[in-house]
Amino acid sequence: MAALFSSTTSPSLHKNPLLRFSSPLKPSPSNLSFQKLQFKPSPRFSRLVTSLFTGIVEEIGHIDQVGPTSDSGDDNGGFEMRIGAEIVLGGTRLGDSIAVNGTCLTVTDIDSAGSRFSVGLSPETLRRTSLGGLGPGSPVNLERSLTPESRMGGHFVQGHVDGTGEIVKFSPEGDSLWVTVRTDPDLLRLIVPKGFIAVDGTSLTVVGVYEEESSFDFMLVAYTQQKIVLPTKKVGDKVNLEVDILGKYVEKLLSGRLQALGVGSAASS
């Protein structure tokens, strides 16, 4: 089991020959944003489990700078995000994994004196997550990957974002806060009441699922509100979603079994 929790360098993703930008990218290091970048859909998406997280945010960091990596040289190269932080730098080495708003990213540079670190961003990461809409000054949830000595306070989170959702409602109740998020029906079918979900990397318990509205909700207690980015967002903002891995495995196993029996897929039953 110890090997399961070890933090290793994520394998490099090959450049996608189909990737093209809508316009040449001429960034300024101080104000670059990914909001206007558009990517063609990827024909394949392969993910390997190299790290695990709990969904318990360790600290809120702030993006210092985003831009093309120094060795990319063209619009089809990689991107780099530099983030100001303190707690997550403790014990972190080059090649380790840190979840940034729930997205598992590899540490490519550490500036301990300046309390900053850098992570690489692939085009597929920008397609799949909400990180492309962030820029300098944006707050982000941060969590280091699990080690054998870590306490398991949340649930198993891979840092592999399944898709994004849109905040549709905030509703205070006492000192707690109800949050309603709308997402794609294909993702909603894997979200169940009282089940786990990671929202921007935060381990949360789903309260209700509303098929007609294609939405679900959850509640944030006062302590959690002070420790994560979500309460600072606005209605209409995007959040990264990762559903419980157990639900995905169960669906796949049931789908294969039903097909073998000639019944059809689990998703269509």
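In this predicted model, the structure holds one aromatic pair. The pair is formed by F216 and F218, whose rings lie 6.1 Å apart from centre to centre with 35° between their planes, an arrangement that counts as tilted. A pair of aromatic rings is described by the distance of the centres and the angle of the planes. With respect to accessibility, F216 is buried, and F218 is buried as well.

The strand β12, which covers residues 215–220, provides the setting for this pair. Five of the six residues of β12 are buried, so this strand is largely enclosed by the rest of the structure. Strand β12 pairs with β11 in the antiparallel sense over three bridges, and within this pairing G208 stands opposite D217 of β12, while V209 has F216 of β12 as its bridge partner. The strands β11 and β12 together form a hairpin in which four residues lie between them, and S214, located in the turn, has a positive phi of about 50°. Strand β12 is also joined by six bridges to strand β8, formed by residues 176–182, and these two strands likewise run antiparallel; here M219 of β12 is the bridge partner of W178.

These pairings belong to an open sheet of seven strands, which are arranged in the order β10-β9-β13-β7-β8-β12-β11 with antiparallel pairing. The edges of the sheet are occupied by β10, comprising residues 202–205, and by β11, comprising residues 208–210, each of which pairs on one side only. Averaged over the sheet and with direction ignored, neighbouring strands are turned by 35° against each other. Strands of a sheet pair through backbone hydrogen bonds, either parallel or antiparallel.

A further arrangement of strands is found in a barrel, into which six strands close in the order β1-β2-β5-β4-β3-β6, again with antiparallel pairing. In the barrel, neighbouring strands are turned by 45° against each other on average when direction is ignored. One of its pairings involves strand β4, which spans residues 103–111, and strand β5, which spans residues 116–121; the two run antiparallel and are joined by four bridges. Within this pairing, D109 stands opposite S118 in β5.

Notes: Residues numbered from 1 in each chain as written. Predicted model: local features only at pLDDT ≥ 70, side-chain atom pairs only at ≥ 80, totals over all residues. Heavy atoms only, no water. Pairing = 2+ DSSP bridges. Axes fitted to C-alpha atoms, helices over the stretch in contact; angles between N-to-C directions. Phe/Tyr/Trp six-rings, centres within 6.5 Å; stacked < 30°, edge-to-face > 60°. Buried < 20%, exposed > 50% of the residue type's maximum accessible area, 1.4 Å probe, protein only.
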